[in-house]
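Q: I have a model open and would like to learn how to read its backbone and its strands. Could you walk me through a few features?

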Amino acid sequence: MRETMFPSSLSSSLSLNYAKDHSSASQTKARGLDVLNSPMLNKGTAFTALERKELGLTGLLPPEITTLDAQAKSAYLRFELLTDALSKNIYLTALHDRNEVLFYRLFSAHLREMIPIVNDLTVGMAMEHYPHESRRPRGIYLSIDHADEIEEAFTNFGASPDDVDLILATDAEQVLGIGDWGVGAIEVSIGKLAIYTAAGGIDPNRVIPVMLDIGTNRESLLNDPMYIGNRHPRIRGGAYDHFIDSYVKVATRLFPHALIQWEDFAPGNGRRILERYRDRICTFNDDMQGTGAITLAAAISALRICGTPLRNQRVVIFGAGTAGIGVADQLRDAMVLDGLSRAAASSLFWCVDRDGLLTTGMSEELQDFQIGYARQASESRFWKQDGNGIGLLEVVRRVKPTMLIGASNISGAFSEAVVTEMAAHAERPIIFALSNPSTRSEANPVDLIAWTKGQALIGTGSPFAPVTYKGLTYVIAYLSNSLLYPGLGLGTIVSKASRISNGMFAAAASAVSSLVTVRQPGASLLPQIDDLRGVSLTVAVAVAEAAQSEGLANVKFTNITQQVKDAMWQPNYRRIHAS
C-alpha cells in the first residue's frame, strides 16, 4: 500500500491509501458530510450499503444505490441538454469539484467532444467570468509581490516529495484566443491537467496547477473592483526572472521527481525560461515544443507518402512567434537527428513574420529566438518587397518550398496565388495551417484541395470536416497537441527521466505518426482523438524507451509496455473503508 495525498481537496485527516495498481480498497477517517464534500471520496448514490453505514452516510443520500456507469450516462444526458459551450464548461467544472472519479469517467468517454469545453477557447470564456464567480480553489497561487512565500505556499499544499509527478504553471500573458487574462488563467492549468488525466492516465492526485501572478496589463481587469489578482501592470526584467527562478528552485527541491511544464507564456519569456532550465531540470513548454512535436508527427506521415526524407525539405513558416519558431525548432532538431549539422538544418527554413522574411538586416526588429532563423540579407537583395518587407508570395516564389506552415492567426493568409505557386514546384505540397480557431486558419482545406487538384497533404490547428474532391474523400489531420503531450508526460513520469531530450520528442512524434496508415488515398496524417488513451499509451512507451536508450531514465524496465499500462490511473470507484 502507498499513501496518496489529496492536498487540493482533502485535509491530511481525509487522505486515502491506494494500492499502486489502483484497484484495491481505500481508507479514510472522514465521516458524513466530510465524505460527500470531498471530490476524491464522493461517490454520490454509488456508495454501497456497507460504506454508507461505516462512513456515516445513512440518511444523507437517497436510498437507491446506483453504479458509476449509470451516473456517467445520466451526467452525459445533462451535459447534452446545455445549449452553449460556457454553460457546459461550468457544468463540468461543478462536476469536477463534486465528484472527480465521475468527472474523469465522463470526460474520458467523450474526449473529442469535451476537450474544447474543458480547455481551448471555452476556458477563455470561463476566465472572463472568473472574478465574478465562486469557483472552488484548486492548485497554488504564487504572487510576485510575495515571492518570499513560495515555499510556504507549496508546504501548505500538503504534499510530500514523492507525492507529485507533474507541476503545470502559467503566468497568463498569452492565453489562447484572449491574451493576457491575469489570475483567472489558473483555469488553463486546471484544464490542461484534466486532459493529462483523461487522455494520459496521469494520477489527478499527483499534479499541481500553479498560477504565477505577476500582474496584468489588461485594463478591464485592473479597473474591475471584483478582480482578485495582483492589481498592477506586469512586472518585467530582473524581478520577473528572480521570481521564476525562486519558483523553480522551490518546486524542484520540494518535489525532485516532478515534471515542470510551462503554459501560455509570451514568446520572449517562454523561450528564455525554457533555454535557461531545459538542460538542468525535467521541463518543457507545450506551446513551443508540443506544437512543434505534433507538427513533426504530421510531417513524418506526409513524408512517408512522398517518399522523401525530412533533411531534403525546404520549409517556409508564416508566423515566427512562439508556435512558429517552436515548430521550426522541432523540425530542425529532427533533421539533426537525421544526420544534418545544426547549421545545415537551419538553412532549410525561411521564416516570414509581420515585417516580412526574417533577415540579418532586420537585427533591431528581431527577437532573440528568431535570430537563428534569419537569412543572410544578401540572399534576398533582389527579391520583391512590399510595404511589409519581403512577403509570403515572393518567398514561396523564390524558395519553392516543399512544406508551408502557418502559425500567424491571419485568416486566409495562404491565398490561391500562394498555394498554386507552391504546387507548381512541389508534386505533393505539404501545407499545415496551424492557427486556431478555424476562423483564424490560414486556409480552408476545401480550397487547398481544389487549388492543388487533390495533391496537397494537409494538417490544421482546428478540426475540419472531411473534403470530397472528384469522388475521393480526404480526412483532414487535426494537429491537436492532446495527441502528444499526455503520452509525453506519462512516459517521462514513468521513466523518471532527468530531462526531456530532443530524442524523446522525436520518439513521441514518430509514435503518433505510426498509428496511421498513409497508403490509403485521402487518409488523415494523424490519428483521430477519439481513442486518446490508446494513443497516449503508444507515445508513452516510445518516450520511455527513448529515455532509457539515452541514459536519462531513472527506472529499470523489465516490460516497458506493461509498466506504462500499470501506471495509468483509471476512473473507477474503489471500496472505501472507515479507519
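Q: Is N409 buried, partly exposed or exposed, and how do I read that?
A: Bear in mind that this model is predicted. The label comes from relative accessible area: under 20% is buried and over 50% is exposed, with partly exposed in between. N409 has 43%, so N409 counts as partly exposed. You will find N409 in the loop between β12 (403-406) and α17 (416-423).

Q: What is the phi of N409?
A: Most residues other than glycine have a negative phi. N409 is not a glycine, yet its phi is positive, about 65°. K453 also has a positive phi, near 55°, without being glycine. K453 sits in the loop between α18 and β14 (457-460). With a relative accessible area of 61%, K453 is exposed.

Q: Which residues does a cis peptide bond join?
A: Most peptide bonds are trans. Here, N436 and P437 are joined by a cis bond, with omega about 5°. Look for P437 in the loop between β13 (430-433) and α18 (445-451).

Q: In what order do the seven strands of the open sheet come?
A: Read across the sheet, from neighbour to neighbour: β11-β10-β9-β12-β13-β14-β17, with mixed pairing. β11 (356-357) and β17 (477-478) are the edge strands; each has a single partner, so one side of each has no neighbour in the sheet.

Q: How many bridges join β9 to β12?
A: Four, and these two strands run parallel. For one pair to find on screen, take V316, whose bridge partner in β12 is L404.

Note on methods
Residues numbered from 1 in each chain as written. Predicted model: local features only at pLDDT ≥ 70, side-chain atom pairs only at ≥ 80, totals over all residues. Heavy atoms only, no water. Buried < 20%, exposed > 50% of the residue type's maximum accessible area, 1.4 Å probe, protein only. Pairing = 2+ DSSP bridges.
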